[in-house]
Every structure is written in C-alpha cells, then in structure tokens.
Amino acid sequence: MNARSNADTLVTVFGGSGFVGRHVVRALARRGFRIRVAVRRPDLAFHLQPLGRVGQIHAVQANVRYPASVELAVRDASAVINLTGLLFGRGKQTFEAVHVAGTQAIADAAVEHDARIIHMSALGADPESPGEYGRTKAAGEAAVRGIAPEATIVRPSVVFGPEDQLFNRFAFLARMMPVLPLVGGGETKFQPLFVGDLAEAIARLVEDTTIDGKTYELGGPDTVTLREIFEFVLSTIERKRLLVPLPFALARLQAQVLQYLPNPPLTPSQVDMLHDDNIVSETAEKDGRTLKGLGIEPATFASIVPSYLWRFRRTGQFRSSAA
C-alpha cells in the first residue's frame, strides 16, 4: 500500500466528467484521494464536486490534443488515469487524435512527472481489427507500453449503467421503430460490465501500488449475444418488435449515411467491431487479470438495467396489467 495517505495523494483523471469518469471520481473520492479532473470544459464538470468533500475534487482545463495543457494537468500528481475515448469522430476530435496521439501525450507527461499510469482501453483493441476504433485503441495501448512499460491497462467489455449508450440506446430505438435490425444476425457476444464495478476496479488499481505492468480484461458475469440483449430490452420495456437479421455489408452501407447524424445510432466502425466477440479471454481468466482477480464480484445487468429502463415503457414506472 501507499506510504503516503490517500488524502496526501493527488490523482489526475482525464475524461473524468464522462459516463465512466464520474463513477471513477466517486470511487476515488470515497477512498479519500485528492482528485484533479482534466477536461476540455471545466465549467461543465461542476456536477462532480458533490461527489467528494469540499475542495477534494477540482476540475482543470486540458485537451489531449494539446500536450502543454496535458503536462500542466499532470503536474504534482502521483497517479494518472486516462479514460478518454470516442465512439465516433467529429472534426479534429478523431480516433487517431484522441486514442493515439492524446494517449501518448498523457503517457509522456506522466513519465516526466514520475506518476503511475492507468490507461482504459477496450476489449476490442486489436491492431488487426477491421474497425478504426479497435485499431486506434490498440495503437494507444502500444504507445503507453512504449513510453511506460510499467503502466496498467484496463480493457472493459461494453459498459452499462443509468447513463449508458447501450441499453438506453436500444430501448430508445425500440420505442421509435417497429422493426429492429440485428447486425450480422445478432450473434456477436458481449459481457456487459456494470460501470460501478469498472470504477471500483480502477480505484483499487490506483490504491494498490504493487500492481503495475499488467493488462486487465474486465467483463460482467453474463455472456450474451446481441440478439439476447435486444430481447432482454424488449421484455423489460414491455414492447413487441420484430427483430430482423441485417447482413454486415448492408449494415455498413446504412452506417455510412447514419454516421453524419449529430448522435449517430450506428457508424461504420461500430459495424466493423461487431465482427468479433467482445468477451474476456481464457488467458486473462487463468492469470487472474479480471474483476474476480481484483476481488470484485460483478453485478448482472438483469439486476440493474430494469431500474433505469422503466421510462421507456408505455406505462412508465408502472407495469402493464398483462405483465
């Protein structure tokens, strides 16, 4: 454990105001760490301050595309957590700029200031991935390892929670559309991971300084297909919809158009990623580089998701008489 108390330890969190970030900040605050949240818009991060004591959480301006701002955000920190990531690119915020160049800037600054690095990647990270998301995530991992071999890398599966872009998005589509497409037949496998469990894992990795240089693969207790996720969502929100298999080629063609929407429901990169399963490897299970290896019993999505999908029912928080 740390020689210094947690109250004397400053942790810089890049991407701390996002979906995963706010839960990581909460987990760190509960352990008493001082937290510097590095974000592009500090004025949009005020919602984080009530998660800790007065003065415990402080937001600063930093953009991973500008190394000078990254270096200032890392200064005096004992640990640096990189949670930045994109689901789709816009303008200068490209996969390459954030996942690769931005990650390299954070790792460079952390090494310069002798801070430990915990980098969040994704289970789909693969230099041979058909999708740009997976390829750039893999390139980001390589950049971190090249600069700081002792860095800890976390690869989560798809993450769920009240503000997620997984179950919420599928429920929204089910409310609006009579037919739901199953890309590639809906056979791709996932291990949905509760955001609270992911945050707890990262907080434990920060607190235990004896863990370095490992790559953790984190997934929930259930392995389900895309079809099974859709069926669960429909059952939860009490709606009947036709599930139609959509070939990858046709799905990618549609995604080429949908990607230009302000918040696209599907992008070409996401279609490409659906070619491969998103589950924890047997090697990681054997080596204990999982949630259970960190002493965390993961929550099932069935025990949590209904608590926030009720708003997509016709009857809202009340169940229909037929249920």
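These notebook entries record what I looked up in a predicted model of one protein.

**Entry 1: overall form**

I began with the secondary structure and noted 11 helices and 13 strands. I then looked up the radius of gyration, which is 20 Å; this is close to the 20 Å that the globule rule gives for 323 residues, so the protein is as compact as a globular protein of that length. Along the principal axes, the C-alpha atoms fill a box of roughly 60 × 45 × 40 Å.

**Entry 2: surface and interior**

I next asked what share of the 323 residues is buried. Buried residues account for 53% of them. The exposed surface of the protein comes to about 14800 Å², and carbon and sulfur atoms supply 55% of that area. I also looked up contacts between residues at least 6 apart in sequence: 77% of these join residues at least 24 apart.

**Entry 3: helix α5**

I turned to helix α5, which covers residues 167-176. Is this helix enclosed or open? I found that 7 of its 10 residues are buried, so α5 is largely enclosed by the rest of the structure. I listed the buried residues as Phe167, Asn168, Arg169, Phe170, Ala171, Leu173 and Ala174. They pack against two strands, β7 (159-160) and β8 (179-183), and against two helices, α7 (226-236) and α11 (306-309). As background, I noted that an α-helix has 3.6 residues a turn, so residues three or four places apart point the same way.

**Entry 4: the second largest pocket**

I then examined the second largest pocket, which holds about 210 Å³ of space. Which residues line this pocket? The lining consists of Asp164, Gln165, Asn168, Arg169, Phe172, Leu173, Arg175, Asn263, Pro265, Arg311 and Phe312. I sorted the lining by residue type and obtained 4 nonpolar, 3 polar and 4 charged residues. Asn168, Arg169 and Leu173 belong to this lining, and I had already entered these three among the buried residues of α5.

**Entry 5: two residues with positive phi**

Finally, I checked backbone angles. Most residues other than glycine have a negative phi, and I therefore recorded the following two cases. Asp114 is not a glycine, yet its phi is positive, near 55°. Asp114 lies in the loop between α3 (95-112) and β5 (116-120). With a relative accessible area of 69%, Asp114 is above the 50% cut-off and so counts as exposed. Glu238 also is not a glycine, and its phi is positive at about 55°. I located Glu238 in the loop between α7 and β13 (242-246). Helix α7 had already appeared in my notes as one of the elements against which the buried residues of α5 pack.

Methods: Residues are numbered from 1 along each chain as its sequence is written. This is a predicted model: local features need pLDDT of at least 70, side-chain atom pairs count only at pLDDT 80 or more; totals for chains, interfaces and linings use all residues. Side-chain values use heavy atoms; hydrogens and water are left out. On a 1 Å grid over the protein atoms alone, a cavity is a set of points where a 1.4 Å probe fits but cannot get out, and a pocket is an open set with protein on both sides within 12 Å along at least five of seven lines; lining residues have an atom within 4 Å of a point. Grid points are joined across faces, edges and corners, and a volume is the space filled by probe spheres set on the points. Ala, Val, Leu, Ile, Met, Phe, Trp, Tyr, Cys and Pro count as nonpolar, Asp, Glu, Lys and Arg as charged, and the others, Gly among them, as polar. Helices (H or I, at least four residues) and strands (E, at least two) are DSSP runs, numbered from the N terminus. The radius of gyration is taken over C-alpha atoms; the globule rule is 2.2 Å times the number of residues to the power 0.38. Buried means under 20% relative accessible area, exposed over 50%, partly exposed in between (1.4 Å probe, protein chains only). Contact means heavy atoms within 4.5 Å. Accessible areas come from the Shrake-Rupley method with a 1.4 Å probe; for residues, only the protein chains shown count as cover.
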